[in-house]
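Student: I would like to take a close look at one single part of this protein and see how it fits into its surroundings. Could you go through it slowly, step by step?

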Amino acid sequence: MRVLIAPDCFGGTMTAREAADAIATGWTDAKPGDVVVQRPLADGGPGFVDVLHAALDGDIRYISVTGPLGDPVGARWLSADVDGRRVAYVESAEACGLHLIPADRRAESCETATTRGVGEIIAAAAADSDVIVVGLGGSGTTDGGAGMLAALSDAGVDLTDISLVAASDVENPLLGPHGAARTFGPQKGASPEAVERLEAKLAAMEVLKPVSDISGAGAAGGLGAALLSLGATVQSGANLVRELSGLDAALDDADVVITGEGSFDWQSLRGKLITAVASGAADRGIPCLAIAGQVSVGRREMGAAGVQEAYSVSEHVGSVEKSIGDARNSLIATARHVAGQWSR
């Protein structure tokens, strides 16, 4: 069989490349005669720059910026020539990612964490870019992009002749039950009371009101809305990576495709990478299987999204703690099991 392995990162345990290698190892252990192709992916969140760097002939640029807690952090962006234009690919999580905030500080920082560093990356990239694509996802902030806007203003950056693209990993609006604060705030340490304060703060930001209902405005704690207020267009981060990474050509040669991420849940069905991979597989009539740390999507929902079957790593190895504590070997074992079920 020709097996295409195209996962996202697995939360804070494995990068997309590490996850793809673990799945490939497990599959090959079980079925050494199969042809296995790895195509690690990202949907705008963590790994966005690494995945695109592997796909494009570009240069990684390095910079020190303001982290979410105000301390300096090292960040990168990718500069590449695409269709005759110089494009900068920025990963917002490099400057304001949840992984940059210690778990024991998230409750206290959820209302103050800043996106200022994202603005500092954009300001630097603007010097020699025709297009700036900002990957959104994995943020530890809910400031509505206020920090980013302040940094751009302080730097006096003129984005008039630069095309801005918000590469979103979700379709959420800015406000309401599916908005930035109420949907993602608790994941960033916000209590119910803090969630409502964040909601009110986002609703009071005048610059965001005209764009608050646009799909993707709620991405990265409202950073999507701030980019929209600057004239950015929204693009699916998963579809952008799918196009630039050559995923479709790889799908053309596959008999089965394996995708995955840390948690396969209802959010996975709202513009995230699994749905982009599953859609491409469905177009070609090949099965798409998902391997995730945890699976909470019902069979009907995953079937409607084009996923044939989903496998939980934590269930296979016996516990969430074990799947996280020994992430690579747990994923290898699960992939070995999946190969035994699906390979001819």
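Student: How many bridges join S6 to strand S7, and in which sense do the two run?

Tutor: Six bridges join strand S6 to strand S7, which covers residues 163-168, and the two strands run parallel. Please keep in mind throughout that this is a predicted model.

Let us begin with the pairs along that border. Val131 of S6 has Ser163 as its bridge partner in S7, and Val133 is matched in S7 with Val165. On its other border, S6 pairs with strand S5 (residues 85-91), again in the parallel sense, and here the pairing runs over five bridges. One of the matches there is between Ala88 and its bridge partner in S6, Ile132.

Now consider how well S6 is covered. The strand spans residues 131-136, and six of its six residues are buried. In a regular strand the side chains alternate between the two faces of the sheet. In S6, Val131, Val133 and Gly135 lie on one side, while Ile132, Val134 and Leu136 lie on the other, and since all of them are buried, both faces of the strand are covered.

With its two neighbours in place, we can put S6 into its sheet. This is an open sheet of six strands in the order S3-S4-S5-S6-S7-S8, and its pairing is mixed. Its edges are formed by strand S3 (58-66) and strand S8 (233-236), each of which pairs on one side only. Neighbouring strands of this sheet are turned against each other by 25 degrees on average, if direction is ignored.

Two helices that lie across S6 come next. Helix H5, made of residues 116-125, lies across S3, strand S4 (72-82), S5 and S6, and runs at about 135 degrees to S3. Helix H10, made of residues 237-244, lies across S5, S6, S7 and S8, and its angle to S8 is about 65 degrees. S5 and S6 are therefore named in the contacts of H5 as well as in those of H10, where a contact means heavy atoms within 4.5 Å.

A detail beside this sheet deserves attention. Asp83 lies in the loop between S4 and S5, and has a positive phi of about 55 degrees although it is not a glycine. Most residues other than glycine have a negative phi, and most peptide bonds are trans. Asp83 counts as exposed because its relative accessibility is 77%, and the cut-off for that word is over 50%. Ala220, in the loop between helix H8 (192-203) and helix H9 (223-229), also has a positive phi, near 55 degrees. Ala220, however, is buried, with a relative accessible area of 7%.

It is also useful to set beside this the other sheet, in which five strands form an open arrangement in the order S2-S1-S9-S10-S11 with parallel pairing. Its edge strands are S2 (35-38) and S11 (309-312), each pairing on one side only, and its neighbouring strands are turned by 25 degrees against each other on average, direction ignored. Strand S10, residues 288-295, pairs with S11 in the parallel sense over four bridges, and Ala292 has Ser312 as its bridge partner in S11. Helix H1 (residues 16-30) lies across strand S1 (2-5), S2, strand S9 (256-264) and S10, and runs at about 175 degrees to S2.

A helix can be covered in another way, as H2 (residues 48-55) shows: its buried residues are Phe48, Val49, Val51 and Leu52. They cover an arc of only 165 degrees around the axis, which puts them on the same side of H2.

Finally, let us step back to the whole chain. The protein chain holds 16 helices and eleven strands, and buried residues make up 56% of its 344 residues. Among contacts between residues at least 6 apart in sequence, 73% join residues at least 24 apart. For 344 residues a compact globule would have a radius of gyration near 20 Å, and the chain has 20 Å, which agrees. Its C-alpha atoms fill a box of roughly 60 × 50 × 35 Å along the principal axes.

How values were computed
Residues numbered from 1 in each chain as written. Predicted model: local features only at pLDDT ≥ 70, side-chain atom pairs only at ≥ 80, totals over all residues. Heavy atoms only, no water. Buried < 20%, exposed > 50% of the residue type's maximum accessible area, 1.4 Å probe, protein only. Arc of directions from axis to C-beta. Pairing = 2+ DSSP bridges. Axes fitted to C-alpha atoms, helices over the stretch in contact; angles between N-to-C directions. Rg over C-alpha atoms; globule rule 2.2 N^0.38 Å.
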